[in-house]
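Thanks, everyone, for making the time this morning. I would like to walk you through one model, starting with the ligand site and then turning to a few points of backbone geometry.

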Amino acid sequence: MNVVPLALGGLAGWYLWERSHRRTHSITGGLHPEITLPHEQEWELWHNEFSLCSKKMRVCLAELGIPHAAHRVDLIETGSYETISRAFLAVNPAGLVPVLVHRGHPVYESHDQITYASEHSGDPGRLVPDDPRARAVMDRWVHKGSLVGDDPPKAARETAGNAVPGLTMPLFAAMLPDVPVHRILEGLLFHRLKMRPIGFLAMKVRGLRAVATTEPFHSMIRSSRLAMHGHLDDLEATLGETGGPWITGARFTLADAGMMAILDRIREADWESELLVDRRPCVQEYWRALKARPSYAAAIAAHEHPTVVRGTERIVALKRSDPAFAAALAS
Ligand SMILES: N[C@@H](CCC(=O)N[C@@H](CS)C(=O)NCC(=O)O)C(=O)O
């Protein structure tokens with residue numbers, strides 16, 4: 001008996017079965033009362049330490065003082081594609097973290113989640129200004145802080161959140177030595193957006209140095225870096241107008257939760273010297289104030305992931321040992 005056709009048939013059967021049980025599609029933001037998930041607490045959060053939007057959501061929950069059960073989900077960057085596992089796709093068919101669950105019903109899209117959490121917390125005014133003009137400033141910056149769409153780098157000038165994935169590319173490449181290649185291949189088979197695992201595979205094969213110099217990565221890093229300069233100029237102007245210490249003035253709001261996550265990504269991807277040092281004094285002061293908040297310690301610093309720490313160290317070390325790499329990133 002020839003075992004090769006049998007093995008191929010078995011593999012094809014397994015793939016088709018798996019694919020039919022990992023159906024993934026985009027889903028609208030906000031509360032989905034028609035979906036009920038198993039839950040134990042009033043509030044639950046599905047999140048990842050490294051994920052930008054998860055950081056924003058954790059900061060928001062910490063600021064609101066909402067007790068919740070937390071479910072950790074791996075991203076490929078932190079080790080595996082748990083986001084496209086059958087178990088997680090039952091929580092979010094889009095395969096994205098974070099997911100906020102309230103009384104068993106999921107709320108999708110982090111910009112909707114922070115608003116929802118604020119409105120349904122015991123203290124709906126805590127992170128929202130009373131003054132309508134300040135409220136409009138907050139809404140503008142909640143939007144600016146959001147990461148939206150299937151191809152964020154293409155819309156990096158639209159929001160600061162969309163400029164983040166491009167800026168994070170060197171960090172992705174610096175984290176990938178810790179991620180086994182077969183884990184990325186799982187994404188090629190089952191991820192909804194194939195360009196993402198293809199990009200990770202290319203970055204893993206080419207390595208950190210090449211990502212800074214090779215197209216299309218270099219162009220994506222460059223356009224996101226320039227876009228982030230624009231967003232931070234805008235932030236500098238806003239802080240100057242409102243007088244700080246927070247985006248809308250005296251009160252820390254939902255907008256600051258989003259910006260805390262973005263500035264922290266600038267730190268961990270080692271862009272501070274390019275984007276913050278010796279420029280934008282209001283943003284520098286603001287970043288110092290953000291880091292001093294208990295929510296930064298509880299929702300960001302306490303969730304440090306070893307792969308991210310090693311990734312940051314690799315970028316810093318390569319910039320020191322290879323000035324051409326540092327120059328390519330800044331060019
Ligand atoms: N617009 C979504 C974006 C969420 C998002 O992109 N999450 C990333 C981590 S920050 C993710 O889960 N990525 C998994 C993947 O693309 O495979 C939101 O604001 O919640």
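Please keep in mind throughout that this is a predicted model. Let me begin with the ligand, which has 16 residues around it, and of these the ones that come nearest are Glu-109, Ser-110, Leu-147, His-191 and Arg-196.

Three of those residues deserve a closer look, beginning with Ser-110, whose side chain places an N or O atom 2.7 Å from an oxygen atom of the ligand. Arg-196 also approaches through its side chain, with a polar atom there lying 2.8 Å from an oxygen atom of the ligand. Leu-147, by contrast, takes part through its backbone, where an N or O atom lies 2.7 Å from a nitrogen atom of the ligand. As for how much of the ligand is covered, on its own it has 520 Å² of accessible area, and the protein covers 88% of that.

Where, then, does the ligand sit with respect to the pockets of the model? The space it takes is the largest pocket. If we sort the shell around the ligand by class, we find 8 nonpolar, 6 polar and 2 charged residues. The shell draws on both domains, with at least three residues from domain 1, which spans 24-120, and at least three from domain 2, which spans 132-330. Among the helices, α2 (52-64) and α4 (110-120) each supply at least two residues of that shell.

Let me now move to the backbone. As a reminder, most peptide bonds are trans, and most residues other than glycine have a negative phi. Against that background, the bond joining Val-97 and Pro-98 is cis, with omega at about 5 degrees, and Pro-98 is found in the loop between α3 (86-91) and β4 (99-102). A cis peptide bond also runs from Gly-244 to Pro-245, with omega near 0 degrees, and here Pro-245 belongs to the loop between α10 (217-242) and α11 (254-268).

Which residue has a positive phi although it is not a glycine? That is Arg-103, at about 50 degrees, and its place is in the loop between β4 and β5 (105-108).

Key: Residues numbered from 1 in each chain as written. Predicted model: local features only at pLDDT ≥ 70, side-chain atom pairs only at ≥ 80, totals over all residues. Heavy atoms only, no water. Near = heavy atom within 4 Å. Polar contact = N/O pair within 3.5 Å; in protein donor to acceptor, adjacent residues only side chain to side chain. Areas by Shrake-Rupley, 256 points an atom, 1.4 Å probe, with all protein chains shown as cover. 1 Å grid on protein atoms, 1.4 Å probe; cavity = no way out; pocket = protein on both sides within 12 Å on 5 of 7 lines; lining within 4 Å. Sits in = over half its atoms within 2 Å of the grid points. Helix = DSSP H or I, 4+ residues; strand = E, 2+ residues; numbered from the N terminus. Nonpolar A, V, L, I, M, F, W, Y, C, P; charged D, E, K, R; others polar. Domains from an automatic or database assignment.
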